[in-house]
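Open the model in your viewer and keep the selection tool at hand. Each stop below says what to select and what is there.

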Amino acid sequence: MNSSSQQEPQTSLAARPYQRCMVLGGGGFRFGIYIGMYAALRAAGQAPDVLLASCGGAIAATIIHHLPDPDAQRAWLSSPAMYQFWCSLRSTPQANLTGTLLAAARRKLSGGNAPVIPDLFGDYLFEIPPQLPFPPPPASGKAEVAVAIIGGKLLFDASEVGLPRGQRKLFAQTVFCDARSAALLAHLKAPLSAPRWGQHAIADQLLLEQGVPLEQAARISIADMYYFRCQPYQGHEYIGGVLDLFPVEIARRLGREVVMEFKEAFDQFFAIPAWRAVLGVNGNARLRYANTHLADIRIDSSDVSHTLARQQLQQKLHWRRNRIELAMPPTYEEFVRFMDDQWRFGYERAQEALQHPRGQHPPRIRRLTRHSKPLRSVRG
């Protein structure tokens, strides 16, 4: 594996910023919204030439990279291969209801920032198939859009789980990218290593990994703590893009213009304590920073968990059986409708954003930002 964190990236032509960077931050299993957003931007002649993706957004970014035509991207989103992928997700033996709720309550009541080394090897709820459902890459080897994907290299191993962390850093933020992106990001510190983010567990150094297959980088990026196991690759273990769902500083380095979402807040019972317990970071503080950070195009997705309440994988709580399981769309036809709803949501919200002058947000975003009202909750 060619690591540009160890080798100095080439400069000159490779170091010229991209024109437009679009951040695909999170999305979970509603990643179809990003396929719609990209289609709307492309139709308006403002397609990004680099995608910066984390977590579920990495799936959308890989599909966009492999299929340049928006109609083909949309068709793949609702393809039988994608449906089979959804149906193949399974709960683990650890997915018992009472144990999961008690663990969440303990994290909620704990005030420490990553006080111990977390178990990312065995403490997770769901299994993901080894291969994600991606179309073949372009036969020519060339794509219309470059992709950079966020992950995090573990700086500990399974034998250290449960030990006190102290001041030790546990994760090195990693960007899987091409040579041009690596050159642009050379000498940039990990954004979350700044003092403003408190006593976190993220190292200063930003690792830049070139040559990793895009499909593998996307698989790493969806390894969300407590949901999925950390992902092994070439002798190392990685946590997913949840390490930084809002990489605004990286986006500014990559593109002259930045396209970002305006996202709603994380819930205070599950998500925020998980961020604090594993990463030592306040997820909503990071989100507030991203939501007020300058963006040239700001797409409002802040009501996605309500507008698309059903159009994703559902967690079913079986109290009598003491189990948490995943509920798939019961038929392929319903799955297609769900994916179409996701795509339309993204397309329409991007169209709305494009109707406003650069740097001026839609009215709903301006109201929320001006009055600092609490935002509704959603998992990244």
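**Stop 1: helix 7**

Start by selecting the buried residues of helix 7, together with what they pack against: strand 3 (50-54), helix 2, strand 6 (146-154), strand 7 (171-176), strand 9 (231-233) and strand 10 (236-239). What you see is a predicted model. Now select helix 7 itself, residues 214-221. Which of its residues are buried? They are L214, Q216, A217, A218, R219, I220 and S221. Because seven of the eight residues are buried, helix 7 is largely enclosed by the rest of the structure. Buried here means under 20% relative accessible area.

**Stop 2: the whole chain**

Clear the selection and show everything. The chain has 13 helices and 14 strands. Of its 380 residues, 58% count as buried. The chain exposes about 15,900 Å², and carbon and sulfur atoms supply 52% of that area. How far apart in sequence are the residues that touch? Taking contacts between residues at least 6 apart in sequence, 81% join residues at least 24 apart.

**Stop 3: the nonpolar cores**

Select L24, F31, L51, F85, W86 and I149. These are the residues with the most contacts inside the largest nonpolar core, which has 61 residues. Add helix 1, residues 32-43, to the selection: helix 1 gives this core its largest share, eight residues. Next, select C21, L154, M260 and A277, which are included in a second, separate core of 57 residues.

Go back to F85 and look at what surrounds it. Its neighbours within four places in sequence set aside, F85 is in contact with F29, I128, P129, Q131, L132 and P133.

**Stop 4: helix 4 against helix 12**

Two packed helices are described by the angle between their axes and the distance between the axes. Select helix 4, residues 80-88, and helix 12, residues 332-354. Their axes are 10 Å apart, and the packing angle is about 100°. Angles of 65 to 115 degrees count as roughly perpendicular, so helix 4 is roughly perpendicular to helix 12.

Which residues make the contact? On helix 4, select P80, M82, Y83 and W86; on helix 12, select Y332, F335, M339 and Q342. Seven of the residues in this contact are nonpolar, one is polar and none is charged. W86 has appeared before, among the residues with the most contacts inside the largest core.

**Stop 5: three loop residues**

Select D69, in the loop between helix 2 (56-66) and helix 3 (70-77). D69 has a relative accessible area of 37%, so it counts as partly exposed. Now add A39, which is 30 residues from D69 along the chain. The C-alpha atoms of D69 and A39 are separated by 8.8 Å.

Move to A143, in the loop between strand 5 (126-127) and strand 6. A143 is partly exposed too, at a relative accessible area of 35%. What does A143 touch, leaving aside its neighbours within four places in sequence? It is in contact with H65 and P138. H65 is 78 residues from A143 along the chain, and their C-alpha atoms are separated by 6.1 Å.

Then select A190, in the loop between helix 6 (179-185) and strand 8 (207-210). Is A190 buried or exposed? Its relative accessibility is 2%, so A190 counts as buried. Apart from neighbours within four places in sequence, A190 is in contact with Q173, I202, A203, D204, Q205 and L206. Show the C-alpha atoms of A190 and L206: the two residues are 16 apart along the chain, and these atoms are separated by 4.6 Å.

**Stop 6: two positive phi angles**

Select C55, in the loop between strand 3 and helix 2. C55 is not a glycine, yet it has a positive phi of about 55°. With a relative accessibility of 4%, C55 counts as buried.

Finish at Q234, in the loop between strand 9 and strand 10. Q234 also has a positive phi, near 50°, and is a residue other than glycine. Is Q234 buried or partly exposed? Its relative accessible area is 49%, so Q234 is partly exposed. The cut-off for exposed is over 50%.

Methods:
Residues are numbered from 1 along each chain as its sequence is written. This is a predicted model: local features need pLDDT of at least 70, side-chain atom pairs count only at pLDDT 80 or more; totals for chains, interfaces and linings use all residues. Side-chain values use heavy atoms; hydrogens and water are left out. Axes are lines fitted to C-alpha atoms, for helices over the stretch in contact, and angles run from 0 to 180 degrees between N-to-C directions. Helices (H or I, at least four residues) and strands (E, at least two) are DSSP runs, numbered from the N terminus. Angles under 35 degrees count as roughly parallel, over 145 as roughly antiparallel, 65 to 115 as roughly perpendicular and the rest as oblique. Contact means heavy atoms within 4.5 Å. Ala, Val, Leu, Ile, Met, Phe, Trp, Tyr, Cys and Pro count as nonpolar, Asp, Glu, Lys and Arg as charged, and the others, Gly among them, as polar. Buried means under 20% relative accessible area, exposed over 50%, partly exposed in between (1.4 Å probe, protein chains only). A nonpolar core is a set of buried Ala, Val, Leu, Ile, Met, Phe, Trp, Tyr and Cys residues joined through side-chain atoms within 4.5 Å. Accessible areas come from the Shrake-Rupley method with a 1.4 Å probe; for residues, only the protein chains shown count as cover.
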